[in-house]
Amino acid sequence: MVKIHDKTFDIFLTAQEIQNKVKLIAAEINSKYVGTDLIFIAVLNGSFMFASDLMKGISIPCAISFVKVSSYKGSNSTGRVDELIGLNTDIEGKHVIILEDIVDTGITMNKIYSYLTAFSPASLKIGSLLFKPDAFSGKHAPDFVGFSIPNDFVVGYGLDYNEHGRNLEAIYKLIEE
Ligand code: IMP
């Protein structure tokens with residue numbers, strides 16, 4: 001059990017279980033993308049540990065770029081505007097795999113996916129360590145999934161609760177009190 005801020009979390013996926021799964025995803029990518037011009041686009045902050053461990057298992061030539069979804073209030077609109085910042089590499093004609101820590105409702109991924117599509121990659125796939133199918137209502141489900149999980153709030157291995165807990169090497173789920 002771990003305590004983060006005011007909440008208590010119970011072990012959900014051990015560090016070993018995560019590492020084993022990440023190796024399997026890497027092996028699948030190695031076999032599917034051999035001979036292609038492959039680039040990973042990792043979405044910060046949450047995906048940093050997944051991206052790092054996954055990259056260690058990739059044995060084919062590849063590049064990686066880190067992006068961040070930035071939300072700001074548009075001057076003429078009432079809603080918020082999202083943009084993807086940090087994409088400093090040309091992905092046109094390349095095979096792109098977006099890396100995320102978790103796909104929950106899929107709303108974030110809808111935005112990232114349509115933003116990247118505009119740059120005409122040769123292919124665009126999604127790798128997410130965690131996926132919450134029961135919460136998902138998006139257009140793009142992940143193609144490479146570590147674990148499909150119930151609708152619980154989880155932390156660790158890059159995922160945060162109010163910015164804390166990202167450093168944990170296992171994944172913990174919230175204990176509802
Ligand atoms: P979505 O747009 O609903 O798919 O949510 C995506 C983002 O919400 C993720 O990138 C996470 O930052 C955050 N998120 C969703 N579920 C969790 C969770 O269980 N723990 C921590 N963060 C989460």
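Visitor: What volume does the largest pocket have, and which residues lie closest to its centre?

Guide: In this predicted model, the largest pocket has a volume of about 460 Å³. It is lined by 22 residues, and those closest to its centre are Glu100, Asp101, Ile102, Asp104 and Thr108.

Visitor: Which helices and strands each supply at least two residues of that lining, and which gives the most?

Guide: A lining can be read by the elements it draws upon. Here the strands β3 (38-44) and β6 (95-103), together with the helix α3 (107-117), each contribute at least two residues to the lining of the largest pocket, and β6 gives the most, with 4 residues.

Visitor: How many residues of the lining are nonpolar, polar or charged?

Guide: Sorted by class, the lining of the largest pocket comprises 10 nonpolar, 5 polar and 7 charged residues.

Visitor: Where does the ligand sit, and which residues come nearest to it?

Guide: The ligand sits in the largest pocket, where 15 residues surround it, and of these Thr105, Gly106, Thr108, Lys132 and Val154 come nearest. The elements β6 and α3 each supply at least two residues of this shell, with the largest share, 4 residues, coming from β6. By class, the shell around the ligand holds 6 nonpolar, 3 polar and 6 charged residues.

Visitor: Which polar atoms of Asp101, Gly106 and Thr108 lie within 3.5 Å of an oxygen atom of the ligand, in the side chain or in the backbone?

Guide: Polar contacts are read as pairs of N or O atoms within 3.5 Å, and it helps to note which part of the residue takes part in each. For Asp101, a polar side-chain atom lies 3.4 Å from an oxygen atom of the ligand, whereas for Gly106 a polar backbone atom is 2.8 Å from a ligand oxygen. In Thr108, a polar side-chain atom lies 2.5 Å from an oxygen atom of the ligand. As for burial, the ligand taken alone exposes 490 Å², of which the protein buries 79%.

Visitor: Turning to the backbone, which peptide bond is cis, and where does Asn45 lie?

Guide: Omega is the angle to read for a peptide bond, and from Leu44 to Asn45 the bond is cis, with omega near 0 degrees. Asn45 itself lies in the loop between β3 and α2 (48-57).

Visitor: What is the phi of Ser120, and where is Ser120 found?

Guide: The sign of phi is the point to read here: Ser120 has a phi near 55 degrees, a positive value in a residue other than glycine. Ser120 is found in the loop between α3 and β7 (123-131).

Note on methods:
Residues numbered from 1 in each chain as written. Predicted model: local features only at pLDDT ≥ 70, side-chain atom pairs only at ≥ 80, totals over all residues. Heavy atoms only, no water. 1 Å grid on protein atoms, 1.4 Å probe; cavity = no way out; pocket = protein on both sides within 12 Å on 5 of 7 lines; lining within 4 Å. Points joined across faces, edges and corners; volume = space filled by probe spheres on them. Nonpolar A, V, L, I, M, F, W, Y, C, P; charged D, E, K, R; others polar. Near = heavy atom within 4 Å. Polar contact = N/O pair within 3.5 Å; in protein donor to acceptor, adjacent residues only side chain to side chain. Areas by Shrake-Rupley, 256 points an atom, 1.4 Å probe, with all protein chains shown as cover. Sits in = over half its atoms within 2 Å of the grid points.
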